[in-house]
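Morning, everyone. I have one structure to walk through today. Please have it open in front of you.

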Amino acid sequence: MPQPDQTRHLVTAVPGPRSLAMQAERDAHLADGLGRTLPVFVERAGGGIVEDVDGNRFVDLASGIAVTSVGASHPEVARRVAEQVERFTHTCFLVTQYEGFVEVAAALNRLTPGEHAKKTALFSTGAEAVENAVKIARVHTGRPAVVVLGHAYHGRTLLTMSMTAKNVPYKEGFGPFAPEVYRAPSPYPFRWPSGPEHAAAEALAALRELVVSQIGAHHVAAIVVEPIQGEGGFVVPPPGYLAGVAELAAEHGIVLVADEIQTGLGRTGAMFACDHEGIVPDLVTTAKALGGGMPLAAVTGRAEIMDAVPAGGLGGTYSGNPVACAAALGALEAIEREGLVERAREIEAAVLPRLQALVGQVPVVGEARGRGAMLAVELVRPGTDEPAPEVARAVAAACAQQGVLTLVCGTFGNVIRLLPPLVISPELLADGIDVLVAAITEAAGADAAA
Ligand SMILES: *Cc1c(COP(=O)(O)O)cnc(C)c1O
């Protein structure tokens, strides 16, 4: 099947009649706890376009939450998956092995930050990778405690939901939570009480106090940070913060885990977001973009830490599934061969100035921020820093009605985040941003009138 035409095109209202009919079936058969962003059903997707069953083509500024960096039907991913499925779909790597698993591991050992000896273990989901990073850090250090940040998102399993900051919808009613998870403040520049210029130093002081005085550094196995926070609001830490965390971790023999599940593999205009700050974490978790749309996740890190867990302690039935590994090899090849890291920087250069121009001009825009193709607009009540989640929802809804797919995030639900596929054409991207900018301007007018 050819890729969808790379233009925005609406032929029905959104959602259209076929999507509406499927929606009724969905509501009858699916658990209500499964949320949805846009009630359309997809026929095909690729490049920068998602096409629904009614023939509407949406500009994709979401990438299925930062997954389809190479597009949702990259020919190299499709070819390798088809070839692999014909040979075998599964053996369980723990039973009989296959080359793709080793090739993906070798690629991650090469691409992740640092020149030290590295090893990798593959899993299926991001949450599983984070859980395993903690397991590995605990065995390596013989310590129980895990330190995470405010506004963190690490997944929905018991341990990772305990590590995630936001209550509704991720934690509400799901307790009791996993023990030995401690939270330090996130140095959120836009919301730091004494001003952004103090965020790094004060957040580091608070982290140090938590680790050294409250928990006791000799009890801390790992500090887990997203080098740019994702679900929590695309929070870019102030310069120096991550280096300070790395220093504290090194000082006390604590394993520094960079959760690069959303930021990794080119998304932020560097292969890894840690590279922007020259940070070399001990362990890196990847997922999302890694599998080119197939479920694949990894923990990569210092060989001596990774090897702390004895044989049999890591793995799972589907860990590093061969079809997912084949897809990953196609995606990684596309990222490197097509210069998609550079492309993410071009996306930033094309989009971020347009969003930053809204600050001060459109009173609901508090801040525009981000790196590479991970960009966001934080919406506030005019003249304040009070979150305006209703404006974010209105903007996302207006965009969807005009054929542009965006996502809302943030602890306060007031951040519009942009995660376009890195392969999106400049014209399609510009078209999507035109719609977004108009929607923000319009929502600001409606908000002022209300
Ligand atoms: C998405 C995400 C996860 C969880 O990944 P799943 O595959 O949904 O389990 C963990 N950490 C970060 C930073 C993420 O963005």
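**A walk through the model**

Let's start inside a helix. Ala324 sits in helix H10, residues 322-337. Buried or exposed? Ala324 is buried, because its relative accessible area is 1%, and the cut-off for buried is under 20%. Now look across to Gly150. It is 174 residues from Ala324 in sequence. In space, the two C-alpha atoms are 32 Å apart.

One caution before I go on. This is a predicted model.

Now a residue with the opposite label. Ala13 lies in the segment before helix H1, which covers 17-29. Ala13 has a relative accessible area of 56%, so it counts as exposed. The cut-off there is over 50%. Take Gly195 as a reference point. Ala13 and Gly195 are 182 residues apart along the chain. Their C-alpha atoms are separated by 45 Å.

Next, the ligand. Which residues are around it? Going along the chain, we have Thr125, Gly126 and Ala127, then Tyr153, His154 and Gly155. After those come Glu226, Asp259, Ile261, Gln262 and Lys288. By class, this shell has three nonpolar residues, five polar and three charged.

Look at three contacts in detail. Gly126 uses its backbone: an N or O atom there lies 2.8 Å from a ligand oxygen. Asp259 uses its side chain, with an N or O atom 2.7 Å from a ligand nitrogen. Gln262 also brings a side-chain N or O atom, 2.9 Å from an oxygen of the ligand. How much of the ligand does the protein bury? On its own, the ligand exposes 380 Å², and the protein buries 82% of that.

On to Asp282. It sits in the loop between strand E8 (255-259) and strand E9 (283-286). Its relative accessible area is 15%, so Asp282 counts as buried. What does its side chain reach? One partner is the backbone nitrogen of Leu256, at 2.8 Å. Another is the side chain of Arg302, in a polar contact at 2.7 Å.

Now the sheet. Four strands make an open sheet, in the order E1-E2-E3-E13, with mixed pairing. Which strands are at the edges? They are E1 (42-46) and E13 (404-405), and each pairs on one side only. As a reminder, strands of a sheet pair through backbone hydrogen bonds, either parallel or antiparallel.

Zoom in on E1 and E2. E2 covers residues 49-52. The two strands run antiparallel, and four bridges join them. Arg44 has Glu51 as its bridge partner in E2. Gly46 has Ile49. Together E1 and E2 form a hairpin, with two residues between the strands. Gly47 in that turn has a positive phi of about 60°.

Over to helix H12, residues 389-401. How far apart are its end C-alpha atoms? They are 18 Å apart. That agrees with the expected span, because 13 residues at 1.5 Å a residue should also cover 18 Å. Which residues of H12 are buried? Pro389, Val391, Ala392, Val395, Ala396, Cys399 and Ala400 are. Keep the general rule in mind: an α-helix has 3.6 residues a turn, so residues three or four places apart point the same way. Just after H12 comes Gly403, with a positive phi of about 90°.

Last stop: backbone geometry. Most residues other than glycine have a negative phi, and most peptide bonds are trans. Here are some exceptions to look at.

The peptide bond from Val14 to Pro15 is cis, with omega near 0°. Pro15 is in the segment before H1. The bond from Val168 to Pro169 is cis as well, with omega near 5°. Pro169 is in the loop between helix H6 (158-163) and strand E6 (181-184).

Glu180 lies in that loop between H6 and E6, too. Its phi is positive, near 65°, and it is not a glycine. Glu180 has 30% relative accessibility, so it counts as partly exposed.

Ser63 is another non-glycine residue with a positive phi, about 55°. It belongs to helix H2, residues 63-66. Is Ser63 buried or exposed? Buried, because its relative accessibility is 0%.

That's the tour. Over to you for questions.

Terms used:
Residues are numbered from 1 along each chain as its sequence is written. This is a predicted model: local features need pLDDT of at least 70, side-chain atom pairs count only at pLDDT 80 or more; totals for chains, interfaces and linings use all residues. Side-chain values use heavy atoms; hydrogens and water are left out. A residue is near a molecule or strand if one of its heavy atoms lies within 4 Å of it. A polar contact is a pair of N or O atoms within 3.5 Å; within protein, one must be able to donate a hydrogen and the other to accept it, and residues adjacent in sequence count only if both atoms are side-chain atoms. Accessible areas come from the Shrake-Rupley method with a 1.4 Å probe; for residues, only the protein chains shown count as cover. Ala, Val, Leu, Ile, Met, Phe, Trp, Tyr, Cys and Pro count as nonpolar, Asp, Glu, Lys and Arg as charged, and the others, Gly among them, as polar. The expected span of a helix is 1.5 Å times one less than its number of residues. Buried means under 20% relative accessible area, exposed over 50%, partly exposed in between (1.4 Å probe, protein chains only). Two strands pair if DSSP finds at least two bridges between them.
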